[in-house]
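User: I'd like to learn how to read the features of a protein model step by step. Could you walk me through it?

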Amino acid sequence: MDYTPRQIMALVRADFKNEVLQSRTIWLCASCYACTVDCPREIRITDILYALKQRAIQEGVYPRHFPIPVLAREFAAMARRHGRITEAYLVLKLFTRTNWRALLRSWRIGLALIRTGRFRLRPERIQRLDELKAMLAATASHSSQSSFPPAKVT
Amino acid sequence: MTPPQNHAPKAHRAEPRIGFYVCHCGSNIADTVDCAEIARYAASLPGVILARDYKYMCSDPGQELIQQDIREYQLDRIVVASCSPLLHEHTFRAALARAGLNPFYLQMVNIREHVSWVHKNREAATAKARDLARAAIQRVRHHQALQPIRVPIRAEALVLGGGIAGIHAALLLAEAGKRVILVERQPSIGGHMAQLDKTFPTLDCAACILTPKMSAVRAHPNITLWTYSEVIKVEGYVGNFTVTVRRKPRYINEALCVGCKQCVDACVFKDGKFPDEFNAGLSHRKPIYLPFPQATPQVVVIDPDRCLNLKTGKCKKTCVEACDRNAIVFDQQPEVHEVKVGTIIVATGYDLFDPTRLPQYGYGRYPNVFTTLEAERLVNSSGPTAGKVRLRDGRVPRSVGIILCVGSRDHRTHPWCSRTCCMHSMKLALLIREHAGAEVTIFHMDIRSAGKGYEEFYDRCLREGIQFIRGRVAEVTDWAMTAKEEGHLVVRVEDTLAGFVRRIPLDMIVLAVGMEPQRDARELRRILNISCSNEGWFLERHPKLGPVITFTDGIFLAGCCQGPKDIPDTVAQAGAAAAEALALMDRGYIEQEPNTAYIDPDHCCGCKSCLPLCPYSAIQLDETQGRAFINEALCKGCGACVAACPSGSIQQHLFEDEQVFAEIDGVLSYA
Amino acid sequence: MKYPYFPGCSLRGLGRAYEESLLAVLHHLGVELQELEDWNCCGATAYMSVDETQAAVLASRNLARAERAGFSELLAPCSACYLVLNKLQHSIEQFPDIQQTVQRALAQANLNYRGSVRVRHPLDILLHEIGLDAIRERVVQPLRGLKVAPYYGCQIVRPYATFDDAHQPTTMDQLLATLGAEVVVWPLKTKCCGGTLTGTVPEAGLRLSYILLKEAQRRGAHVLATVCPLCHFNLDAYHAEIEHRWGPIPIPTVYFSQLMGLAFGLAPRQLGLHRNLVPFRFPSEPTVACP
């Protein structure tokens with residue numbers, strides 16, 4: 001974590017755009033929403049971090065070899081392409097893109113998952129893929145202007 | 001009380017001579033409204049002799065201008081276009097009176113609150129101001145000379161609430177020779193202050209400065225003290241309130257009991273069994289008890305929910321045997337009293353925030369999490385531990401953390417700052433360290449120590465080694481990560497100065513719970529017919545210039561029922577409330593707007609439909625003539641009868657049909 | 001009783017045992033699940049990081065299809081699905097612009113969503129529809145002597161807290177107590193397991209999972225009960241990796257539905273218990289528990 005979440009909020013307000021969008025902090029949020037329900041100002045921190053992550057991807061300034069944004073992009077691409085996620089396949093892709101050594105280290109887990117029938121490589125897909133693609137295409141013109149969510153839960 | 005002038009038959013009216021004045025209010029109005037244009041326009045209207053614009057009409061030269069014009073141009077109607085009449089109607093009425101004109105020949109146009117402050121477009125705003133000015137000019141020609149109504153004021157006062165605010169106000173009024181009835185709902189007066197140990201920033205003992213005042217209340221010949229009592233109804237109006245008070249049975253003859261407590265010792269319950277309210281539940285009392293040693297009055301009370309005899313009828317009643325003054329009265333019934341007073345001071349105080357609403361702080365789950373009030377009782381030498389700071393298992397804490405802003409400055413609970421917790425917590429920090437030798441850490445968002453000697457007190461705490469960590473605590477937990485944390489409560493907090501999350505193991509946690517309005521504040525608000533803010537604090541008439549008066553004449557506010565404040569501010573406000581009440585009572589009367597209704601006897605058909613409508617019972621039927629008539633001394637000018645009269649024979653001063661219609665015509669006729 | 005059901009991708013992959021056990025115990029309670037036809041990925045947390053609008057559209061297709069099928073409710077057992085579908089429901093209620101975008105996209109597929117589907121969690125259904133009494137009646141092998149640490153994780157209680165408290169949830173506690181288990185009181189019920197950080201930034205992610213296992217062990221728990229396939233994966237599949245880093249913590253993690261099945265007397269294999277990497281065994285001597 002290069003900045004604390006509090007620092008991120010302050011940097012956003014002070015308009016330090018590059019520092020915020022290139023930071024690793026925004027990607028480290030695991031979306032557990034603990035901050036959102038506890039913030040005495042009712043700031044929707046998780047949602048703001050989502051918006052920052054989207055902006056970082058749009059502007060192409062996210063940390064390139066940091067696995068988290070890579071995973072997010074691969075996840076989205078797979079959801080777009082197949083309509084469903086095949087987790088094992090997604091993990092393989094992530095490791096090949098970011099960290100070969102981690103893949104090698106994880107062989108034990110992989111084998112155990114195969115043994116217990118949890119590791120399935122055959123891609124899951126939905127039947128009406130064209131329907132989903134048409135829907136996603138309809139948002140294409142809007143997706144570039146993703147806005148910050150309102151700061152307060154109403 | 002109404003002089004006969006108000007009923008004078010309408011004289012034949014000559015064409016009125018109207019003077020029109022438009023105020024710039026510095027730039028408040030002039031920035032948005034073209035004042036010169038308004039004046040030019042007004043001058044063109046029939047009946048307007050002259051029209052002027054001026055920078056500050058309410059200033060002395062502004063008023064002087066009106067007075068001179070009245071004399072020089074024989075003006076007999078005045079219209080002032082400026083701010084709300086709430087603010088300056090009396091100013092301009094007085095100017096008219098000084099120039100020899102009846103003050104009710106004035107009409108105001110509110111082009112500040114209704115126009116310049118709420119609009120941005122200058123052209124549209126000017127047009128609206130023009131319409132409103134025209135309406136007022138058309139209206140004012142129908143104004144009549146009236147005389148204000150004088151209402152006498154009773155010289156007795158009711159003080160509601162017997163904490164330090166109510167005590168101080170009651171004593172001041174009594175010293176000034178007024179009869180005071182002090183109503184307190186608990187069995188003793190003293191309020192929250194009686195539960196405190198020392199007071200900041202001087203660390204003088206709360207009981208030492210409070211108990212003399214409590215005894216003074218008890219002893220003062222001008223004060224009637226009704227404890228264990230509640231106000232259930234208030235009727236009437238300023239100067240003449242009728243208040244209904246319900247006195248709950250305490251099952252003790254107050255006149256006979258001397259507080260010897262022999263009955264308490266004799267009670268069939270050998271030991272205290274029920275949570276003691278005064279000690280914040282940290283000790284136990286019997287069903288019959290004296291609330292605390294300095295309780296005033298020194299009269300015991302029986303808790304009907306706990307007493308065996310009152311609950312089941314099966315008890316040896318050893319208390320009755322023990323009382324040689326026969327003061328115990330098991331068949332005592334609630335009493336309802338009606339009292340008449342001129343003024344009411346509301347000093348009902350506050351409640352403490354319930355920390356179980358924030359489960360992350362563990363109150364109620366972890367025994368060694370306390371509230372500030374509980375900590376206050378622990379450090380008090382007459383408290384449950386005789387001043388020894390002890391954990392619930394009897395151990396002495398070595399490290400204590402005080403968490404600030406629990407239920408304050410938090411949009412999920414209460415957004416306001418409770419104002420006293422910073423100082424209160426620092427005071428507790430010093431006392432806890434003195435009593436237990438413990439290391440004390442205060443967790444704060446920022447320390448708010450505005451007040452005389454307060455910042456110096458903060459300095460003292462810093463110098464004397466109280467630890468301060470800036471950060472809102474995330475949670476109090478018994479989740480131990482290291483051996484050092486085992487058996488402790490762990491505070492997890494982002495130290496915002498150091499810039500990382502810390503885990504701090506402590507023995508005892510004190511939650512600085514904020515203040516909130518009394519649970520039944522809204523109910524009381526309705527009984528008294530005063531206003532509440534959204535949060536539930538009683539609303540003062542003006543935050544700066546009317547901090548202790550309410551929107552209801554004759555009712556004043558003192559202490560925390562109006563908003564969180566510390567003891568010095570509470571006492572100052574109680575003094576101010578007493579002074580406001582005294583000013584009213586000493587003058588003996590108030591002048592009221594003569595906006596009363598009256599009945600044209602030639603048109604009234606005696607249908608009586610107005611009679612049940614009047615909330616003040618001001619309308620009576622003259623049986624002999626078969627006509628209704630209105631007692632102007634009782635009429636409050638609500639207008640209910642005026643609107644309801646089927647024959648249109650009821651009119652109201654200042655709101656005559658022809659005045660209102662002329663105004664409507666004026667605002668609707670597009671020039 | 002019959003409930004429309006949204007399995008989600010995880011329950012068809014790493015979280016198979018969750019689906020197997022959930023279907024088995026609900027069937028045992030007389031509740032059948034009807035799978036939403038041609039459902040798609042909810043978008044989870046990852047998609048929202050890439051494109052919020054598309055994430056909303058992705059989720060909306062499921063709710064719109066559910067509405068068209070005449071469903072007024074949709075059971076979503078996976079915490080991420082539950083949150084994302086609920087979040088969409090909130091967003092279209094609160095923000096008209098999101099609703100417009102979603103409707104425009106749905107129109108491309110001749111779909112439409114009026115917002116009438118209520119997304120529900122199995123715990124919600126079990127406690128508030130089926131009821132603890134009906135569950136108690138089915139218990140044939142009470143989990144006596146089994147100390148269970150109920151682990152709710154984050155996304156079923158936060159941020160919406162629709163059926164349980166966001167800080168101190170109790171529904172699973174009540175359920176486990178009904179099964180006869182001893183519920184371990186512990187303060188980390190809703191702490192984050194690390195989510196996908198266990199794979200992407202192991203030094204941060206695995207530490208969060210380790211903290212959970214260690215505290216549960218410190219409190220004498222025999223097993224952690226979870227409601228989320230990702231939590232289960234982190235605590236179970238990465239268990240060896242965690243022990244490798246921080247030393248042995250012999251404590252397995254199972255789905256609450258698997259414990260229900262055991263109490264109902266169903267076969268472990270039927271409940272997918274053989275899929276656990278850290279094998280769960282009933283403590284033979286319940287009194288000899290960890291200190």
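Analyst: Happy to. Let's begin with charge pairs, keeping in mind that this is a predicted model. Side chains of opposite charge can pair when their charged atoms come close. Here the side chains of Arg6(A) and Glu494(B) form a salt bridge, with N and O 2.8 Å apart.

User: Why does the pair of Arg6(A) and Glu494(B) join two chains?

Analyst: Look at where each partner sits. Arg6(A) belongs to helix α1 (residues 5-13) of chain A, whereas Glu494(B) belongs to strand β25 (residues 489-495) of chain B, so the salt bridge links two chains. Arg6(A) has a relative accessibility of 46%, so this residue counts as partly exposed.

User: How many salt bridges are found over all chains?

Analyst: The search of the whole structure gives 68. Two further examples come from chain B. In one of them, the side chains of Asp393(B) and Arg395(B) meet at 3.0 Å, N to O. Arg395(B) is partly exposed, at 40% relative accessibility. In the other, Arg460(B) pairs with Glu464(B), and the closest N and O atoms are 3.1 Å apart. Both residues of this pair are partly exposed: Arg460(B) has a relative accessible area of 30%, and Glu464(B) has 34%.

User: Which residues are joined into one network by salt bridges that share partners?

Analyst: The network holds Arg128(A), Glu131(A), Glu37(C), Asp38(C), Arg61(C) and Arg65(C).

User: Now to burial. Is Ser79(C) buried or exposed?

Analyst: The cut-off helps here: a residue is called buried when its relative accessible area is under 20%. Ser79(C) has 3% relative accessibility, so this residue counts as buried. Ser79(C) is part of helix α4 (residues 79-94) of chain C. Leaving aside residues up to four places away in sequence, Ser79(C) touches Gln155(C), Ile156(C), Val227(C), Cys228(C) and Pro229(C).

User: And the surface? Which residues make a nonpolar surface patch?

Analyst: Trp107(A), Leu111(A) and Ile114(A) make one of about 330 Å². Take Leu111(A) as a case to inspect: this residue lies in helix α9 (residues 107-115) of chain A. With a relative accessible area of 49%, Leu111(A) is partly exposed.

User: Let's turn to helix packing. At what angle do helix α1 and helix α5 of chain B pack?

Analyst: For a helix pair, read the angle, the axis distance and the handedness together. Helix α1 (residues 35-43) and helix α5 (residues 122-140) of chain B pack at about 35°, and their axes are 10 Å apart. The crossing of α1(B) and α5(B) is right-handed. On the α1(B) side, the contact is made by Glu37(B), Ile38(B), Tyr41(B) and Ala42(B). The α5(B) side contributes Thr126(B), Ala129(B), Arg130(B), Ala133(B), Arg134(B) and Ile137(B).

User: Finally, how many helices and strands does chain B have?

Analyst: Chain B has 17 helices and 34 strands. Its C-alpha atoms fill a box of roughly 95 × 70 × 40 Å along the principal axes. Of the 671 residues of chain B, 54% count as buried. The accessible surface of chain B is about 29500 Å², and 52% of that belongs to carbon and sulfur atoms.

User: What share of the contacts in chain B join residues at least 24 apart?

Analyst: Among contacts between residues at least 6 apart in sequence, 69% join residues at least 24 apart.

Conventions:
Residues numbered from 1 in each chain as written. Chains lettered and ligands numbered in written order. Predicted model: local features only at pLDDT ≥ 70, side-chain atom pairs only at ≥ 80, totals over all residues. Heavy atoms only, no water. Patch = residues over 30% accessible without salt bridge, like charges linked within 9 Å, V, L, I, M, F, W, Y side chains within 5 Å. Areas by Shrake-Rupley, 256 points an atom, 1.4 Å probe, with all protein chains shown as cover. Salt bridge = Lys/Arg side-chain N within 4 Å of Asp/Glu carboxyl O. Helix = DSSP H or I, 4+ residues; strand = E, 2+ residues; numbered from the N terminus. Buried < 20%, exposed > 50% of the residue type's maximum accessible area, 1.4 Å probe, protein only. Axes fitted to C-alpha atoms, helices over the stretch in contact; angles between N-to-C directions. Left-handed = near helix turned anticlockwise from the far one by under 90°. Contact = heavy atoms within 4.5 Å.
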